[in-house]
Amino acid sequence: MNIGLSLRQSVGEGGVNQRDDVKLIQVLLNTFTAWKTPFTRLKIDGDAGKNTKDAIKQFQREMMNRKNPDGRVDPAGSNGRQGPTFHFLTSYIKPAQEPIIQKQVREGQMVGGAPVISQKTIATAAGLTGLTVIYQDVDTERQIVDEYSIRVIKMALKEAGLKTGVITSTIRTPARQAEAMLPNAKKDLPAQRDLYGNKDPGKSILNVYVANQSKKDGEIIPLMAAEIEKWQKEGKSVSRHCVTKEVYAKHNAIDFGLNAMTQHNPGFDANKFIAVLKKLKKEGYLEKFKDETKISNGCFHIEIIPNKMALAKYEENTILNTVVYC
């Protein structure tokens, strides 16, 4: 991730092309030796001419897997999210190397100790090969999180300094959704009403519990499940978890249990993990993040749309896609 290098204005095709911004992009492009086709180092002259624009397109095509590169590098927008090309250009720059990059920009030439980003650098810097994502208490038929989502999860693990991601919930049938909602409603009904929006279908499903709370769980769950199914027939789902496999494949809803994450990661820092998930949400890798650790759910809830964002920097080999089941 970008470690502090900043771009003030856009560079390249149709860009503002302020001199120092252009020089920064030229320096960053020059650090890469991981090109698939020959690349001639750019002059660090601040001129966004044909060579620089072509180099940006080559980077987008080869490093970001873009079929139609636009040849433009954008800074952070009003939402704080970095432009994707600048994000990838700065992904492998270490903190100690940042002053060298800045010196190259000032002096307009390469200097000693400059970073060299090779294919090996990319593979090792990504650091995902030593990370695992496991399922815990999730039946085999529900272990269907997309491989793209697994890579995004590993990105979160890497940035949070963790080794293991523990998925404790994925897709749910109406019955399993009822099983998940009932104990949490019994522990803290107001929190569950807040979680499910205090409106239908969540409101009516929780009302089924309220109306039948004197009964045994084995009697309440079928009643809640029936209410969930009723709303599904009207095209409304109480949760992103409770959908068909076809819908889930396009929008993964995933929970990481707080206790499970703590168990598998000695010294687990929940606040750091939350900060990373918020960051990935801001950058667009997560469609949604909700911290549910302070309520009875006791989990981190994320949602990911597979293949929404390019993950070129993390796709060096198939080892990255390995998932462990337990």
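pLDDT is the predictor's confidence in each residue, on a scale from 0 to 100. The structure here is a predicted model, so that score is the place to start. Averaged over the chain, pLDDT comes to 88, and 90% of the residues score at least 70. The weak spot to keep in mind is the stretch 312-326, where pLDDT stays under 50. For those residues the model still has 49 contacts beyond four places in sequence.

Next come the strands, beginning with β4, which covers residues 164-169. Of its 6 residues, 5 are buried, so β4 is largely enclosed by the rest of the structure. One partner of β4 is strand β3 (residues 132-135), and the two pair in the parallel sense over 4 bridges. Within that pairing, Val133 stands opposite Gly165 in β4. To get from β3 to β4 the chain goes by way of helix α6 (residues 147-160), and the resulting β-α-β crossover is left-handed.

Strand β4 also pairs with strand β5 (residues 252-257), this time in the antiparallel sense and over 2 bridges. Two residues of β4 can be matched to partners here: Ile167 stands opposite Phe256 in β5, and Ser169 stands opposite Asp255 in β5. As for β5 itself, 6 of its 6 residues are buried, so this strand too is largely enclosed by the rest of the structure. The cover is on both faces of β5, with Asn252, Ile254 and Phe256 buried on one side, and Ala253, Asp255 and Gly257 buried on the other. Strand β5 pairs with β7 as well, in the antiparallel sense over 6 bridges. Ala253, for instance, has Glu303 as its bridge partner in β7.

Turning to the helices, α10 runs over residues 217-233. At 1.5 Å a residue, its 17 residues should span 24 Å, and the end C-alpha atoms are indeed 24 Å apart, so the two figures agree. Buried in α10 are Ile220, Ile221, Met224, Ala225, Glu227, Ile228 and Trp231. Viewed down the axis of α10, these buried residues fall within an arc of 160°, so they line one face of the helix. What they pack against is α7 (174-187) and α9 (202-211). On the face of α10 turned away from its buried side sit the exposed residues Gly218 and Lys233. Just after α10, Gly235 takes a positive phi of about 85°.

Helix α4 (residues 98-107) can be read in a similar fashion, starting from its buried residues: Glu98, Ile100, Ile101, Gln104 and Val105. Around the axis they cover an arc of only 165°, which puts them on the same side of α4. The buried residues of α4 pack against α1 (19-30). Just after α4 comes Gly108, with a positive phi of about 70°.

That leaves a few backbone oddities. Most residues other than glycine have a negative phi, and most peptide bonds are trans. Against that background, the peptide bond from Asp200 to Pro201 is cis, with omega near 5°. Pro201 belongs to the loop between α8 (189-195) and α9.

Two asparagines have a positive phi. For Asn17, phi is near 60°, a positive value in a residue other than glycine. Asn17 is in the loop between β1 (11-12) and α1. With a relative accessible area of 23%, Asn17 is partly exposed, because buried is reserved for values under 20% and exposed for values over 50%. For Asn307, phi is near 70°, again positive in a residue other than glycine. Asn307 lies in the loop between β7 (299-304) and β8 (324-325). Its relative accessibility of 58% makes Asn307 count as exposed.

Definitions and conventions
Residues are numbered from 1 along each chain as its sequence is written. This is a predicted model: local features need pLDDT of at least 70, side-chain atom pairs count only at pLDDT 80 or more; totals for chains, interfaces and linings use all residues. Side-chain values use heavy atoms; hydrogens and water are left out. The expected span of a helix is 1.5 Å times one less than its number of residues. Buried means under 20% relative accessible area, exposed over 50%, partly exposed in between (1.4 Å probe, protein chains only). The arc is that of the directions from the helix axis to the C-beta atoms. Contact means heavy atoms within 4.5 Å. Two strands pair if DSSP finds at least two bridges between them. A crossover is right-handed if, with the strands pointing away from the viewer, the path from the first strand over the helix to the second runs clockwise.
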